[in-house]
Amino acid sequence: MSARPLLLLFLSGLASCVSYERDDATPQSVAAIIDARVGGAYTIDEAIELALHQNPRLQALHARLRAADAATTVPLPVRANWLGRNESVELLVDPIALLGLGPRGASIDLAESRLLEAAAQLAVQRWETIAAVVTEYRIYAALQELQVADLDLDVESFERAGLASPVAALQLRAAQARSTSEQAQLARERSDNLARLRELLGLPDHAELAITASSDDWLQQPDGTASELVARPDLSLAATRFQVADAEFYQAVTEQYPSLQLGPNISLIGNPMRAMAVLQVPIGMHGLAEAARERREATRADLEAAFLQAKREASLSDQQLLATQAVTAATAAGLAASTTAFDAARASIEVEVDAFAKFADAATMVMRNTMEHRSAVLAHVRAEVQRAVAYGWPRTPQQSPPQMPEQQS
C-alpha cells in the first residue's frame with residue numbers, strides 16, 4: 001500500500017478529538033464510595049442542597065443533560081474517496097447539510113428538542129426530590145411530638161390483693177400490649193424516616209444524621225389556581241416530549257428526499273481538477289415518516305393524559321387535605337380527653353379501692369386514641385405536602401441547558 005491512503009487515514013483520525021477513557025463500576029466499588037461518606041446535622045435547606053448535589057438519580061440526569069448538550073453538535077458528513085487506478089482523491093460534501101438545512105438541519109432541531117427534554121426531566125426530579133425531603137422533615141417533626149402513655153402497673157399485685165377482677169386484669173394487660181406495640185411502631189416509623197432521608201441524601205445507613213427542626217412556614221400551600229396547575233414540571237416534561245416527537249417526524253420527512261453531494265476530484269499525478277457529484281435517492285422511507293407521525297400523535301395523547309392526571313391529583317389532594325385535617329383534629333380532641341381521664345384514673349387508683357376497673361377502661365381508651373392519632377397525624381403531614389406538590393410546589397427554577405447552541409452551519 002502506498003503512503004497516500006495511510007496519510008488520508010491519518011488525517012481523518014484527526015477529526016476525532018475525544019479519546020476513550022477506561023472506567024469501571026461494580027456494586028462493590030459503588031458500595032465503597034457510599035460507605036466513605038459521612039453525615040452530620042442538617043437544616044432543611046442544607047439537606048435539600050446535599051440531596052441536589054449527591055442524590056444519584058439527580059446525578060444521572062445531570063449527566064444525561066450534559067450528554068444531550070454535547071449531542072447538539074451534529075456532525076457534517078464529508079465523503080473522501082481515494083481512486084487508486086486514477087491516482088486521485090474525491091472530497092464530497094452536501095451543500096444543504098453544510099448550511100444546516102435539510103436532514104442535518106432536522107437533526108439539529110431534534111437534538112435541541114432532546115436537550116430541552118433532558119432539562120425538563122432534571123427539573124421534574126429536582127421537584128420530586130425537594131418535596132420528598134420536605135415530607136421526611138415534617139414527618140420527623142411530627143414523630144417527635146407523639147408520645148405513648150405510661151401504663152406500667154403491676155397487675156398481679158392487684159389480683160393477689162383482690163382489687164382487680166379477671167376481666168379488668170385482662171383488659172389492662174391488653175392495653176399494656178398495645179402500649180408496647182405502639183412504642184415499637186413509633187420506633188419503626190422513626191427508623192424508616194431516617195432511612196428514607198439517607199437514601200435521598202445519598203448517605204450510608206451508618207452515617208450520622210441529625211435533623212434540625214424547620215420552621216412551620218417553610219411549606220407554602222399554593223392558591224390552587226389553574227395557572228399553578230399547568231405550570232407543573234411534569235406537564236412541562238410531557239410538552240417537551242411532544243416537541244421531540246414533532247422534531248423526529250420532521251427529520252423523518254426530510255430523509256425521504258434525495259440528497260446531492262458535490263466536491264472536487266483532485267488528481268495526484270498532475271491532471272486537471274474535475275468536479276464530482278453524487279446523488280443519493282432513498283427508497284421506501286415513507287413508512288418511517290408515517291410511524292414518526294403516529295408517535296407524535298401518541299405523545300399528544302400522553303400530554304392530555306398527563307394534564308388529566310394532574311387535575312385528578314389536585315382535586316383529590318384538596319379533599320384529602322381537608323379530610324385528614326378533620327380526622328387529626330378529631331383524634332387530637334379524643335386523645336386529649338382520654339389522657340385527662342387516664343391521668344385522673346391513675347391518681348384515683350392510689351387512694352380508691354375499687355378504681356382498678358376504671359383505670360383499665362381509661363388505659364384501653366387512651367391507647368386506642370393514641371394509635372388513631374398517630375396514623376391521623378402522619379396521614380395529614382403527607383397530605384399537606386401532596387396537596388402543595390399537586391399544584392406545582394416547590395417553584396424551583398427549571399434547570400437550564402448548559403448552553404443553547406446557535407443554529408449550526
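Begin by selecting Arg-300 in this predicted model, a residue that counts as partly exposed at 43% relative accessibility. Add Glu-297, which is likewise partly exposed, at 44% relative accessibility, and look for the salt bridge between Glu-297 and Arg-300, where the closest N and O atoms are 3.8 Å apart. Both residues belong to helix α11 (residues 286-349), in which they sit 3 residues apart, about one turn of the helix.

Move next to helix α8 and select Asp-192 and Arg-188, which form a salt bridge whose closest N and O atoms are 2.6 Å apart. Because these two residues are 4 residues apart in helix α8, about one helical turn separates them. Asp-192 is partly exposed, with a relative accessible area of 26%, and Arg-188 is partly exposed as well, with 41%. If Glu-189 is added to the selection, a network of salt bridges linking Arg-188, Glu-189 and Asp-192 comes into view. Across the whole structure, a search finds 16 salt bridges.

From here, turn to the largest nonpolar core, which has 36 residues, and select those with the most contacts inside it: Tyr-42, Ile-48, Val-133, Val-134, Tyr-137 and Leu-201. Several elements each supply at least two residues of this core, including α3 (44-54), α8 (166-201) and α12 (356-390), while α6 gives the most, with 12 residues.

Stay on Val-133 for a moment and display its surroundings: apart from its neighbours within four places in sequence, Val-133 is in contact with Ala-47, Ile-48, Ala-51, Leu-197 and Leu-200. To finish, select Ala-169, Phe-342, Ala-362 and Val-366, which are among the 22 residues of a second, separate core.

Terms used:
Residues numbered from 1 in each chain as written. Predicted model: local features only at pLDDT ≥ 70, side-chain atom pairs only at ≥ 80, totals over all residues. Heavy atoms only, no water. Core = buried A, V, L, I, M, F, W, Y, C linked by side-chain atoms within 4.5 Å. Buried < 20%, exposed > 50% of the residue type's maximum accessible area, 1.4 Å probe, protein only. Contact = heavy atoms within 4.5 Å. Salt bridge = Lys/Arg side-chain N within 4 Å of Asp/Glu carboxyl O.
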